[in-house]
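Work through the exercises below with the sequence and the 3D structure open beside you. Try each task before you read its solution.

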Amino acid sequence: MKLILLGPPGAGKGTQAKRLEESRGLKQVSTGDMLRAAVHDGTPLGLEADRIMKAGKLVPDGIMIDMIAERIGQPDCRRGVILDGFPRTVRQAEALDAMLASRSQGLDAVIEMVVDDAVLVERIAGRYSCAKCGAVYHDKTQQPKSPGICDVCGSKEFKRRPDDNPQTVQARLQEYYQQTAPIVPYYKQKGLLRQVDGMAQVDAVTRQIEAVLEGL
Ligand code: ADP
Ligand code: AMP
């Protein structure tokens, strides 16, 4: 199965992708996580991406398309993937179609998570994650069951993203509406688009996504 979780920053894509990994045995492929790994490793791509991400802009299409082409060909993606953060432009969407077609594959569904801007800003302001396993939390809405201890792996170390600040968030939302929103009609026209109410509680969003997948 090949799914895209689509939605603005803070919509809950990463949170739901991790749940689908557990429930469906799919692999989450997050281009944001891949870029952050490159920044951490200090590669030439990481140095360029760091500057762009801190400004809330998009990394050039050519770089992202090459990155995804290489990633989805790896063995751990054979059972299926959940794309989280890719595609983000119509050009990326077209390139993805071509790359899947060349392997005689296609997308099963594009699930758009719809959330109001004011809520997105609050979610991003309170987001943090486990430094070891990447499980996502929120200061108010999604705290670990035992304070300071990751529910998933037991680590006591957490981190926040440098781009999760009020200035960058506005730029990221602007990029979303200008560059990424046009892929919604692109997939609608192909009959692949499904919408879920991303404002609902995490469990309720998961149930909506599972219902979409049952219906495929
Ligand atoms: P994205 O991957 O789309 O940027 P995340 O999954 O990282 O979004 O979620 C952003 C923040 O919102 C995180 O702090 C997460 O814990 C929280 N969150 C995710 N889904 C919900 C939800 N349905 N209700 C409330 N908070 C949520
Ligand atoms: P994310 O973790 O999905 O919120 O992405 C964090 C940042 O990484 C974005 O603000 C972009 O700068 C960059 N990025 C991630 N995925 C892409 C993509 N598909 N195309 C361009 N830039 C991306």
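**Exercise 1: the surroundings of ligand 2**

Task: In this predicted model, find which residues come nearest to ligand 2 and describe the shell that they belong to.

Solution. Begin with the shell itself, which holds 16 residues around ligand 2, and among these T31, R36, K57, G85 and Q92 come nearest. Next, sort the residues of this shell by class, which gives 6 nonpolar, 4 polar and 6 charged. Then look at where they come from in the fold: helix α2, residues 31-41, supplies the largest share of the shell around ligand 2, namely 4 residues.

**Exercise 2: polar atoms and burial at ligand 2**

Task: State which atoms of V59, G85 and R161 lie by ligand 2, and at what distances.

Solution. Take the backbone first: a backbone N or O atom of V59 lies 3.1 Å from a nitrogen atom of ligand 2, and a backbone N or O atom of G85 lies 2.9 Å from a nitrogen atom of ligand 2. Turn then to the side chain of R161, where a polar atom lies 3.0 Å from an oxygen atom of ligand 2. As a last step, consider the surface of the ligand, for ligand 2 taken alone exposes 490 Å², and the protein buries 96% of that.

**Exercise 3: the surroundings of ligand 1**

Task: Describe the contacts of ligand 1 with A11, T15 and R127, and then the shell around this ligand.

Solution. Of the 20 residues around ligand 1, the ones that come nearest are K13, T15, R127, Y137 and A200. Looking at single atoms, one finds an oxygen atom of ligand 1 at 2.6 Å from an N or O atom in the side chain of T15, and an oxygen atom of ligand 1 is likewise 2.6 Å from an N or O atom in the side chain of R127. In A11 a backbone N or O atom is involved, and this atom lies 3.2 Å from an oxygen atom of ligand 1. Ligand 1 exposes 560 Å² when taken alone, of which the protein buries 93%. The elements that give two or more residues to its shell are α1 (13-24), β6 (136-138) and α9 (202-214). Sorted by class, the shell around ligand 1 contains 8 nonpolar, 9 polar and 3 charged residues.

**Exercise 4: two pairs of helices**

Task: Decide whether α4 and α5 are roughly parallel or oblique to each other, and do the same for α2 and α3.

Solution. For the first pair, helix α4 (residues 61-71) and helix α5 (residues 90-101) pack with their axes 10 Å apart, at an angle of about 30°. Angles under 35 degrees count as roughly parallel, and α4 and α5 are therefore roughly parallel to each other. Their crossing is right-handed. For the second pair, α2 and helix α3 (residues 44-54) have axes 7 Å apart and pack at an angle of about 120°, so that α2 and α3 are oblique to each other. The crossing of α2 and α3 is left-handed.

**Exercise 5: backbone details in two loops**

Task: Place P87 and S104 in their loops, and say what marks the backbone at each.

Solution. P87 lies in the loop between β3 (81-84) and α5, and the peptide bond that leads from F86 to P87 is cis, with omega near -5°. S104, for its part, lies in the loop between α5 and β4 (109-114), and S104 has a positive phi of about 55° although it is not a glycine.

Definitions and conventions
Residues are numbered from 1 along each chain as its sequence is written. Chains are lettered from A and ligands numbered from 1 in the order in which they are written. This is a predicted model: local features need pLDDT of at least 70, side-chain atom pairs count only at pLDDT 80 or more; totals for chains, interfaces and linings use all residues. Side-chain values use heavy atoms; hydrogens and water are left out. A residue is near a molecule or strand if one of its heavy atoms lies within 4 Å of it. A polar contact is a pair of N or O atoms within 3.5 Å; within protein, one must be able to donate a hydrogen and the other to accept it, and residues adjacent in sequence count only if both atoms are side-chain atoms. Accessible areas come from the Shrake-Rupley method with a 1.4 Å probe; for residues, only the protein chains shown count as cover. Ala, Val, Leu, Ile, Met, Phe, Trp, Tyr, Cys and Pro count as nonpolar, Asp, Glu, Lys and Arg as charged, and the others, Gly among them, as polar. Axes are lines fitted to C-alpha atoms, for helices over the stretch in contact, and angles run from 0 to 180 degrees between N-to-C directions. Angles under 35 degrees count as roughly parallel, over 145 as roughly antiparallel, 65 to 115 as roughly perpendicular and the rest as oblique. A crossing is left-handed if the near helix is turned anticlockwise from the far one by less than a right angle, and right-handed if clockwise.
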